[in-house]
Amino acid sequence: MTETIRKNYIDNLRWLCILLLFPYHTFMVFNAFGESFYIKGADVAVTTHFLMAVWPWIMPLMFLLAGVSSAYALKKRTAAEYLKERTFKLLIPLVFGVLLLVPVQTYFAEVFHNSYAGNYFEQYVLFFTKPTDLSGYTGGFTPAHLWFILYLFGISVVALPVMYVYQKSTKKIPVHKIPLPVLLLFFIVPVFSQIILDISGKSVGEYLTWFLYGYFFISSDALQEKVLKYRFLLLGLAVPCMLVYTFAGTAIQSYSVALYELLYAFYAWVAILTILGLGKRYLEFKNRATAYLSKASFGIYIIHQQWIVITAYFTLMWIGNVPLQMASIMLASVVFTFLSYEAFRRFSVTRFMFGLKK
């Protein structure tokens, strides 16, 4: 992406999504919807509502933004250059992250859930041999939060031939002619694509759809202007969808799974369009802070969950008050994550291992 075509609000939305993962993964420790986590505290209704409000759109938005970035990147890179960049940026950090960082989370999960008494290095045997659902919440092998990097690398490789051919083609999709009602109907495709390669609740097909939406549609200046124009109308749709999904989603699911899936996908899509429209209006700027966070966001993503799990383990042991537990986990994990990032980016070896910029 060159400075002449770079959209600052896209960069700002990306790092805002990643910072949002600090409260999101902290609140997963206290979720009340029956899902375990590496460290599990008390069930808290308020934070569970927050999780339910954010979950439908946050990862789809991150894949969509990656698709937008790929559209810009392929304007100045060959297919080979793009693939090389994806390898160094995604595949290598994925490998080192799974080998060196993720086992930290599963070690504390083993100790917390299973009273594991072995040392950290002995746990490596369990990490690679213990049967697991791939979540790793109670130990065993998992890519943990790095599943996003795994999926993104695979999707980038699979989509590259299509993207590159389209980039060179003179025939383009007339995105500027898509009216808003038709654009809203795009939510239907993820409903059906989610059945493709669904692995532990994370569908390759669904996230490929969001990525391609970013590449083919959201990268269009005309469509960006459209969501900017209708941002408040979209917000007026997104808020009631959020409230219905958050507070009545479980009841709707028990009544009709199909209706629930439609609500889920529509809310996700409308929320994404709303965020894009508001972002274009209010986040199209750059300063020292945003430049730093844009550069740091990938490293923060890789590092953050290790510190959330570690601080949650000790916080639940030492502090009894639940609100204070949440605040302590969030504050400590932010501090330790940024300190770790600053340390890692100062050495060429760790920059290479985790795909960081100097």
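## Two positive phi angles

Leu 197 lies in the loop between helix H7 (188–193) and strand S1 (198–199). Helices here are DSSP runs of H or I with at least four residues, strands are runs of E with at least two, and both are numbered from the N terminus. Leu 197 is not a glycine, yet its phi is positive, at about 50°. Its relative accessibility is 55%, so Leu 197 counts as exposed. The classes are buried (under 20% relative accessible area), exposed (over 50%) and partly exposed (in between), with a 1.4 Å probe and protein chains only.

Ala 144 also has a positive phi, near 55°, and is a residue other than glycine. Ala 144 sits in the loop between helix H4 (123–129) and helix H5 (147–168). Ala 144 counts as buried, because its relative accessibility is 9%.

## Basis of the model

This is a predicted model, in which local features need pLDDT of at least 70 and side-chain atom pairs count only at pLDDT 80 or more, while totals for chains, interfaces and linings use all residues. Residues are numbered from 1 along each chain as its sequence is written, and side-chain values use heavy atoms, with hydrogens and water left out.

## Helix H1 against H12

Two packed helices are described by the angle between their axes and the distance between the axes. Helix H1 (residues 8–28) packs on H12 at an angle of about 25°, and the axes are 9 Å apart. Axes are lines fitted to C-alpha atoms, for helices over the stretch in contact, and angles between N-to-C directions run from 0 to 180 degrees. H1 is therefore roughly parallel to H12. The cut-offs are under 35 degrees for roughly parallel, over 145 for roughly antiparallel, 65 to 115 for roughly perpendicular, and oblique for the rest.

The crossing of H1 and H12 is left-handed. That term applies if the near helix is turned anticlockwise from the far one by less than a right angle; clockwise gives right-handed. Contact means heavy atoms within 4.5 Å. On the H1 side, the contact residues include Trp 15, Ile 18, Leu 19 and Phe 22; on the H12 side they include Leu 293, Phe 298, Ile 300 and Tyr 301. By class, this contact has 10 nonpolar, eight polar and two charged residues. Nonpolar covers Ala, Val, Leu, Ile, Met, Phe, Trp, Tyr, Cys and Pro; charged covers Asp, Glu, Lys and Arg; the others, Gly among them, are polar.

H12 (residues 288–318) also holds Ala 296. Ala 296 is buried, at 0% relative accessibility. Its C-alpha is 9.6 Å from that of Lys 358, and the two are 62 residues apart in sequence.

## Helix H1 against H13

H1 and helix H13 (residues 322–344) cross at roughly 135°, and their axes come within 10 Å. H1 is therefore oblique to H13. The crossing is right-handed. H1 contributes Leu 19, Phe 22, Pro 23, Thr 26 and Phe 27; H13 contributes Met 326, Ile 329, Met 330, Ser 333, Val 334, Thr 337 and Phe 338. The H1 and H13 contact has nine nonpolar, three polar and no charged residues.

Phe 336 is in H13 as well. At 36% relative accessibility, Phe 336 is partly exposed. Beyond its neighbours within four places in sequence, Phe 336 is in contact with Trp 307 and Thr 311. The C-alpha atoms of Phe 336 and Trp 307 are separated by 6.7 Å, with their positions 29 residues apart along the chain.

## Helix H5 against H8

H5 packs on helix H8 (residues 204–218) at about 45°, with axes 10 Å apart. The two are therefore oblique to each other, and their crossing is right-handed. Among the H5 residues in the contact are Trp 147, Tyr 151, Leu 152 and Ile 155, and among those of H8 are Tyr 207, Leu 208, Phe 211 and Leu 212. The H5 and H8 contact has 15 nonpolar, two polar and no charged residues.

## A buried threonine in H11

Thr 274 is in helix H11 (residues 257–282). Its relative accessibility is 4%, so Thr 274 counts as buried. Leaving aside neighbours within four places in sequence, Thr 274 is in contact with Arg 231, Leu 234, Leu 235 and Ala 238.

## Cysteines

The whole structure has zero disulfides, taking a disulfide as a pair of cysteine sulfur atoms within 2.5 Å. The sulfur of Cys 17 is 19 Å from the closest cysteine sulfur, in Cys 241, which is too far for a bond. Cys 17 is buried at 5% relative accessibility. Cys 241 is buried too, with a relative accessible area of 11%.
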